[in-house]
Amino acid sequence: RSPGSSRPGPMPDCGMPAPPRSPIRVTAISLRRRPDRWRACEDHLRGLLGDGFDMFEGTDAKAAAGDDSTAVDRVAALEAATGCTVYRGWPITEVRDVRRCYTSLSPQLSDAEAWMSYERKVAAAWRSDRSRLYLDFFLRHLTLGDVGAALSHLRVAERGHAEGLSLQVVFEDDVRPSAEALPALLRQGQLLREAGGAW
């Protein structure tokens, strides 16, 4: 089975007629550098669906960024390799911003320790029932894995749109749906299609 490794072009102009709609597709995203996960996911889905799914080669942001340079250079390499721009508009998104804003932090702290100190300071300043949600939303320390996952899902959606899919079920390679769950999910998808739901 060949992965969907080519990057599709831009979505058609909104004024153009939509491509013809085709059936529901089940897709699983995995990385080629993790053949163990690729194979385990593929084997599991084949046991449930036969050949009624496809494997899609995800965007390997870690490989695109390389590992022999500074964090800034790695982000620039990632952007160049994938054609994306990493959003940096959050108040604090990098460890260097933490060190700049919290000058009391010891310069001896590792990046991970500095970031955790930052999270603890914010958590202490908020009500306990709200601090976790605030941290998760506003203080998210974006990882290369996050970027790669987002780009992978975007590419799958672009491909589905270009091919006129009316509905697509997308899994990552750690999913292990049960024999009962997947048919139930697909039935719900079929009901959406019959109701004319657009994806």
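**Group meeting: rings, strands and one valine**

Let me start with two side chains: Trp115 and Tyr118 are both buried. Before I go on, please keep in mind that this is a predicted model.

So where do those two sit? Trp115 and Tyr118 both belong to helix α5, three residues apart, which is about one turn of the helix. Their rings make an aromatic pair of the edge-to-face kind, with 5.3 Å from centre to centre and 75 degrees between the planes.

How many aromatic pairs are there by this rule? The count is two. The other one brings in Tyr102 with Tyr118, and that pair is tilted: the centres are 5.5 Å apart and the planes make an angle of 50 degrees. Here the pair links distant parts of the chain, since Tyr102 is in the loop between α4 (95–101) and α5 (111–125), while Tyr118 is in helix α5, 16 residues away. Put the ring pairs together and you get a cluster of Tyr102, Trp115 and Tyr118.

Now, buried or partly exposed: what about the two tyrosines? Tyr118 counts as buried because its relative accessible area is 5%, under the 20% cut-off. Tyr102 comes out at 26%, so it is partly exposed.

While we're on rings, there is a charge to point out as well. Arg32 lies over the face of Trp38, 3.9 Å from the ring centre.

Okay, let's zoom out. The protein has eight helices and three strands. Going along the sequence, the pattern reads β-α-β-α-α-α-α-α-α-β-α. Of the 199 residues in the protein, 30% are buried. And if you take the contacts with a separation of 6 or more, 65% of them are between residues 24 or more positions apart.

On to the sheet. What is the strand order? It goes β2-β1-β3, an open sheet of three strands with parallel pairing. At the edges you have β2 (54–57) and β3 (168–172), each of which pairs on one side only. From one strand to the next, the twist averages 30 degrees.

Take β1, then, and look at its partners. β1 covers residues 25–30 and pairs with β3 in the parallel sense, over five bridges. One place to find that on screen is Arg25, which stands opposite Gln168 in β3. With β2, β1 also pairs in the parallel sense, over four bridges. If you want to click through that side, Thr27 has Asp54 of β2 as its bridge partner, and Ser30 has Glu57, again in β2.

How much of β1 is covered? Mostly covered is the answer, with five of its six residues buried.

How do we get from β1 to β2? Together with helix α1 (residues 35–49), the two strands make a β-α-β unit, and that unit is right-handed. There is another helix to look for around the sheet: α7 (residues 144–162) lies across β1, β2 and β3, and runs at about 155 degrees to β3.

Last stop, a single residue that I'd like you to find. Which helix holds Val75? That would be α3, residues 71–82. Val75 has a relative accessibility of 15%, so we count it as buried. Leaving out residues up to four places away in sequence, Val75 touches Val86 and Arg88. For a distance to check in your viewer, go from Val75 to Thr85: they are 10 residues apart in sequence, and 8.9 Å apart in space from C-alpha to C-alpha.

To pull it together, there is an open sheet in the order β2-β1-β3, helix α7 lying across its strands, and a ring cluster made by Tyr102, Trp115 and Tyr118. That's my tour, thanks.

Note on methods:
Residues are numbered from 1 along each chain as its sequence is written. This is a predicted model: local features need pLDDT of at least 70, side-chain atom pairs count only at pLDDT 80 or more; totals for chains, interfaces and linings use all residues. Side-chain values use heavy atoms; hydrogens and water are left out. Two strands pair if DSSP finds at least two bridges between them. Axes are lines fitted to C-alpha atoms, for helices over the stretch in contact, and angles run from 0 to 180 degrees between N-to-C directions. Contact means heavy atoms within 4.5 Å. Rings of Phe, Tyr and Trp (its six-membered ring) pair if their centres lie within 6.5 Å; planes under 30 degrees apart count as stacked, over 60 as edge-to-face and the rest as tilted. Buried means under 20% relative accessible area, exposed over 50%, partly exposed in between (1.4 Å probe, protein chains only). A charge sits over a ring if NZ of Lys or CZ of Arg is within 6 Å of the ring centre and within 35 degrees of the ring normal. A crossover is right-handed if, with the strands pointing away from the viewer, the path from the first strand over the helix to the second runs clockwise.
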